[in-house]
Structures are given as structure tokens and as C-alpha cells.
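Subject: Structure handover

Hello,

I am passing this structure on to you, with notes on what was found in it. Please look it over before reading the rest.

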Amino acid sequence: MGKQYKVAIIGGGSFGTAIANIMADNGHDTCQWMRTVARVDEVNELHTNEVYLPGIQLNPALRASSDLKEAVAACDAVFFSIPSKSSREVARQLADYLAPGTILVSTTKGIEFDTNKLMSEVLKEELPQVRLGVMSGPNLAKELAARMITGTVIASADPEVGSVVQDILQCSYFRVYAGSDMYGVELAGALKNVYAITAGMAAAMGCGHNTISMLVTRSLAEMSRYAVMKGADPLTFLGLAGVGDLFVTCTSPLSRNYRVGYELGQGRDLNEVVESLGQVAEGVNTLRLMKEQSEALGIYMPLVNGLYDIIYNGRKVSEVIGTMMCAEQNRDVEFIIK
Ligand SMILES: NC(=O)c1ccc[n+]([C@@H]2O[C@H](COP(=O)([O-])OP(=O)(O)OC[C@H]3O[C@@H](n4cnc5c(N)ncnc54)[C@H](O)[C@@H]3O)[C@@H](O)[C@H]2O)c1
Ligand SMILES: O=P(O)(O)OC[C@H](O)CO
């Protein structure tokens, strides 16, 4: 067994619980912070989190606490797993409790709605004393909690952050790759959610495998084009945090974003679908931000425009597909990012 770390996870939802469980499996002193006292008791006494990970028996060594100061005290590393909507608010609560130099890893795959900032930017503003990393990849919480093999990417400007996170999380079912393109990894995690909504919608409408394959491939082209214009490394999009995460999110009914798309494809109303989900689907807000940004920067994004028109302008799916197919024929060269 390697070095044992003292670690905390901020967030009591599906992903926070899944990664907290890996850390406990790996023998680290692990505390998960969550605001709901009844759920803290459930994790500590029954070793389950039935609302978010039904049917999963958690490692009995995993502790939970609703006391933020106690949860992060003397930690080597803190993992942040709060939806983007509440990230700044929770980061502010942490400000007095994190010692200078503490490693803080964002696992949030979203963008702050009113500022268009990535979570690393939000966390840097609120917690300037930490050493930051972002983690992203094909990491469906339910599969991770069931200890099914996958990998992820930890990206940071500080190489020590990468190697500490590898020590903490790597195990027989979770391979952790380190990189330095923090911006690209984080952006990829947020952008793919939008295309998962489209893919879910396509699946509900009975589209074939050829269609889904075209959709995923052109989604990769479109999100890479957007990210490169914003300063990311295009190669990041060919790795686990890019195509890896896009593929899983666009094909698995375990993805909440895919499920939102599926239900929309069955004719349900967006607000109703989001409400009944009971968990976060970051792509709904990210779609609006991508639409605004791509228009402001003049980036060609037919898939984002099409989904936006369907969801927010009430355009018929068949009409949008018709427009897109003709436009692609006339304008698009089959390059990855151009
Ligand atoms: N679930 C996955 O498979 C997965 C995988 C990788 C990354 N992520 C990302 O991780 C982030 C969190 O996702 P999740 O799946 O855990 O979401 P979730 O909806 O399952 O859980 C969110 C958790 O955050 C808590 N929370 C929300 N607002 C809060 C506040 N103001 N104060 C305290 N707690 C608050 C909720 O109580 C809940 O416990 C998202 O950005 C998501 O995209 C999710
Ligand atoms: O459930 P989603 O749609 O938030 O996606 C889950 C993860 O991001 C998959 O890696």
C-alpha cells in the first residue's frame, strides 16, 4: 500500500459519493461533506447513499460530516463536486478553512451561468490560497461506484497536484492520467453535456447507429472548434476527457444529460423533465452559454444552434435537421476542428 492521505470531498451527490468511495477503498482517511444531516447519518451508519447511488454498498471506512470545517481540517487534498450553479457559494464557505497550498480538485462539469467562468476560475477567485487541478473523463458515477473499469484525467499547472491525485485515486478499476491542459480538460467536460442532450433526443426518435455515429463525430468537431477558439489544446479533445467522455455521455442512459434529451425527444416539457430528474444536468445551462458565446465570437456551431432552436424557440426537430443537413453539405469540410 502506498502513502495514506487525509482527503475530503465536498458534495453529497452521485459523483462526490462515487469518488469518496474510491478513496476509502484505497485506504485514505476520507471524509465526505454534505449539507443534509439525514444523509450524513445514512452514510455513517448504513454505508449507503440511496437517493444518489441506489443499491450501492459503500466502503464502511468512508465517513460523512455536515461540518465543513471538520471535514477539511488538515487535509492534503480536497475534491470539489458541487453543481456549477452553487459552486461559488460553497467555495466561499470554504475560504477560511483551507490552509495555503492545499490541493483542490474540481470535478464539476459546468460553467458559471452569470459570468461564463469555468469552475477553476471561480475557485481561484474565491480560494486563491489553494493549488488547483481539474478532473474529467468518462466517469459515470454509478459505474464507478460499482467498481467498473474506467480512466480519468487530472490536469493542473502544478505537476505535483497530478501525481498526488494519481496516488490518491488510482486503483485496479480506475486509471488516472495526468496532463497540463487544465482549460481544455475542464471545457471538454462541460461542453459534451450539450451534445449528450442532442444524442438522447436522437435515440428517443429512433435514429440509427449511423446517425448517432455522425452526431458524436460532428459534436467532437464542433466542441473542439469552440474550445480551440477559446485557447484549449485540440489534442485534449482526442483523449479521455474529450472524445472519451463525449462518447459515454452521448450513448449511456445513465447520463442525466442524455436522459433529459431522451425525454425531450418523447415530447415532454423541459422544465418538467429537469424537475423530475432530481439531479443536475449541466448541459441545459451550458447550451445557453455556448449559443451566446458562439454568436459573439462568430464560431460555426450548427448542432448548438439546432438544439437551442428546438428547446428555446420551439422549432420542429424535422425542420432543424433539414436545415442542418443542407448547411453541412454546402459549408463543411470533414476536418476535425476547422
Ligand atoms: N454523476 C456523474 O456521473 C458525474 C461524473 C463526473 C462529473 N460530474 C459532475 O460533478 C458535479 C456534481 O454532480 P453530481 O452528479 O454529484 O450531482 P448530483 O445532482 O448527483 O448531486 C449534487 C450534490 O450537490 C449538493 N449541493 C447542491 N447545491 C449545494 C449547496 N448550495 N450547498 C451544499 N451542497 C449542495 C446536493 O445536495 C447534492 O448532494 C456536476 O458538475 C457533474 O457534471 C458528475
Ligand atoms: O450524468 P451526466 O450527464 O452529468 O454525465 C455524467 C458524466 O459526466 C459522465 O462522465
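The notes below cover the surroundings of the two ligands in turn.

This is a predicted model, in which local features need pLDDT of at least 70, side-chain atom pairs count only at pLDDT 80 or more, and totals for chains, interfaces and linings use all residues. Residues are numbered from 1 along each chain as its sequence is written, and chains are lettered from A and ligands numbered from 1 in the order in which they are written.

Ligand 1

26 residues surround ligand 1 (a residue is near a molecule if its C-beta atom, placed from the backbone, lies within 6 Å of it). The closest are Gly13, Ser86, Lys109, Ala141 and Gln279. Helix 1 (14–25) and helix 4 (84–94) are the elements that give two or more residues to this shell; helices are DSSP runs of H or I, at least four residues, numbered from the N terminus. Helix 4 gives the most, with four. Domain 1 (6–180) and domain 2 (192–331) both contribute to the shell, so ligand 1 lies between them; the domain bounds come from an automatic or database domain assignment.

Ligand 2

Among the residues around ligand 2 are Lys109, Pro138, Asn193, Asp245 and Arg256. Helix 8 (182–204), helix 10 (240–251) and helix 11 (256–265) each supply at least two residues of the shell, and helix 10 gives the most, with three. Domain 1 and domain 2 each provide at least three residues of the shell around ligand 2.

Regards
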